[in-house]
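Trainee: I would like a close look at a single part of this chain. Please take one residue and its surroundings, then work outward from there.

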Amino acid sequence: MAAPEMREPIESGCPDGFQYMHPVMRRNFGLWDYHEDVIPGVMVHIAKNGDKVWTVKAGTQRILDVFTLRNLMDIADEYADGYVRFTIRSNIEFYTDTEAKMQPLVDALKEKGYAVGGTRNSVASISHTQGWLHCDIPGTDASGVVKSMMDELYDEFTNWNMPNRVHITTSCCQINCGGQGDIAINVQHTKPPKIDHSLVGNVCERPSVVARCPVAAIRPAMVDGKPSLEVDEKKCICCGACYPPCPPMQINDHEFTQLAVWIGGNHSNARGKPTFQRLVAAGIPNNPPRWPEATAIVKKILDCYKEGARDWERINEWVERIGWPRFFEVTGLPFTKYHIDNWRGARANLNSSTHIRF
Ligand code: SF4
Ligand code: SF4
């Protein structure tokens, strides 16, 4: 009997990016000499052999409909060389090796309503998750927070008027893709989960939920003769980790699910170690559709940073120089007992894994 024909594996991973690169970029991979910032949103990269490629960056919404995509691709075909890339911050970058195409491309984007910017010392587009659409645990619509804030930060995106680059992030739950950035707007639950005991037995794998709690606050329990769970509310840190594997442990609440702003997070680079972000404002209403309270705090922090930082100081460097008491003084943000990290449990787990060595 003939050997059965083997089915080809279906490749659904990330395709090889080289095939989509502009030919000048492909040719000069690893051979770039330097780059210059031409105008806000436009860079030119120069290769060692003199080849040049211009990049024009425009902000987009993260969830793109087909009509917007067609619109953007028409612009790419007509005004650039047909090559684009989406960045991690939901910007689109167009590439051309012809300087004369650069300005008409910028004009075409602006005419269609796209903001060109996000380079050098600007506020980059806010990176965010969009769990409201696809995930099982969001406590807010992070994409909506981004839209509301970027509407207010339009000038900071399209100009070079900040002391240095500002990366802002948002997250839609408290525990997972929550961002680390110069400014991070994160969800903060402030009450332990409420348990619907009638559903736990049928919906939740109780051992998994018990194991999931980072502070061992969940115990199996019998309630009304049915297997369920109970939470030691004194131990619970309201993280929301139990909600994904056990939806009857409902933690989202229109009043007690709030937002918090953290600042000063930065990855390490050639000049410095990584820095952890610190809480600067908590208890901010999770207030759709425009989140005015959170936006006002972010704008206030940015205004003070713009006013007080030296050229090329990042937000964490500015605060380290002036000191945290002065930061709270200039921003007018209240310093409360919640800003003091006296959680003793941290001594047993922070910085003690084999993976973290600072
Ligand atoms: S931040 Fe949380 S809710 Fe949002 S996508 Fe990530 S895991 Fe899901
Ligand atoms: S919210 Fe977090 S700390 Fe509280 S019970 Fe659930 S997993 Fe544990």
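Mentor: Start with the side chain of Gln 250, which reaches the backbone nitrogen of Asn 252 at 3.1 Å. The model is a predicted one. Gln 250 belongs to strand E12, which covers residues 249-250. Its relative accessible area is 34%, and because buried means under 20% and exposed over 50%, Gln 250 is partly exposed. Leaving aside residues up to four places away in sequence, Gln 250 touches Pro 193, Lys 194 and Tyr 243. Lys 147 is 103 residues from Gln 250 in sequence, and the two C-alpha atoms are 27 Å apart.

Strand E12 also helps to place the disulfide. A search of the whole structure finds one such bond, and it joins Cys 204 to Cys 246 with an S to S distance of 2.1 Å. Cys 204 sits in the loop between helix H7 (197-203) and helix H8 (206-212), while Cys 246 sits in the loop between strand E11 (226-231) and E12; the pair, 42 residues apart, links distant parts of the chain. The link is right-handed, with 75 degrees about the S-S bond. Both Cys 204 and Cys 246 are buried.

Two other cysteines can be set beside that pair. Cys 304 has a relative accessible area of 11%, which is under 20%, so Cys 304 is buried. Cys 135 is at 38% relative accessibility, between 20% and 50%, and therefore counts as partly exposed. Cys 135 is also one of the residues around ligand 1, a set that further includes His 134, Cys 172, Cys 173 and Cys 177. The shell around ligand 1 divides into six nonpolar residues, four polar and no charged.

Next comes the nonpolar interior. The largest nonpolar core has 36 residues, and Ile 168, Ile 183 and Val 261 touch the most other members. Elements that give two or more residues to this core include helix H5 (142-152), strand E8 (183-189), strand E13 (257-263), strand E14 (278-285) and helix H9 (292-308). Helix H9 supplies the largest share of this core, seven residues. With residues up to four places away in sequence not counted, the contacts of Val 261 include Ile 183, Ala 184, Ile 185, Leu 279, Val 280, Ile 297 and Ile 301. Another core, of 18 residues, lies apart from the largest one, and Val 56, Leu 72, Ala 80 and Leu 109 are among its members.

Terms used
Residues numbered from 1 in each chain as written. Chains lettered and ligands numbered in written order. Predicted model: local features only at pLDDT ≥ 70, side-chain atom pairs only at ≥ 80, totals over all residues. Heavy atoms only, no water. Near = heavy atom within 4 Å. Nonpolar A, V, L, I, M, F, W, Y, C, P; charged D, E, K, R; others polar. Helix = DSSP H or I, 4+ residues; strand = E, 2+ residues; numbered from the N terminus. Buried < 20%, exposed > 50% of the residue type's maximum accessible area, 1.4 Å probe, protein only. Contact = heavy atoms within 4.5 Å. Polar contact = N/O pair within 3.5 Å; in protein donor to acceptor, adjacent residues only side chain to side chain. Disulfide = S-S within 2.5 Å. Core = buried A, V, L, I, M, F, W, Y, C linked by side-chain atoms within 4.5 Å.
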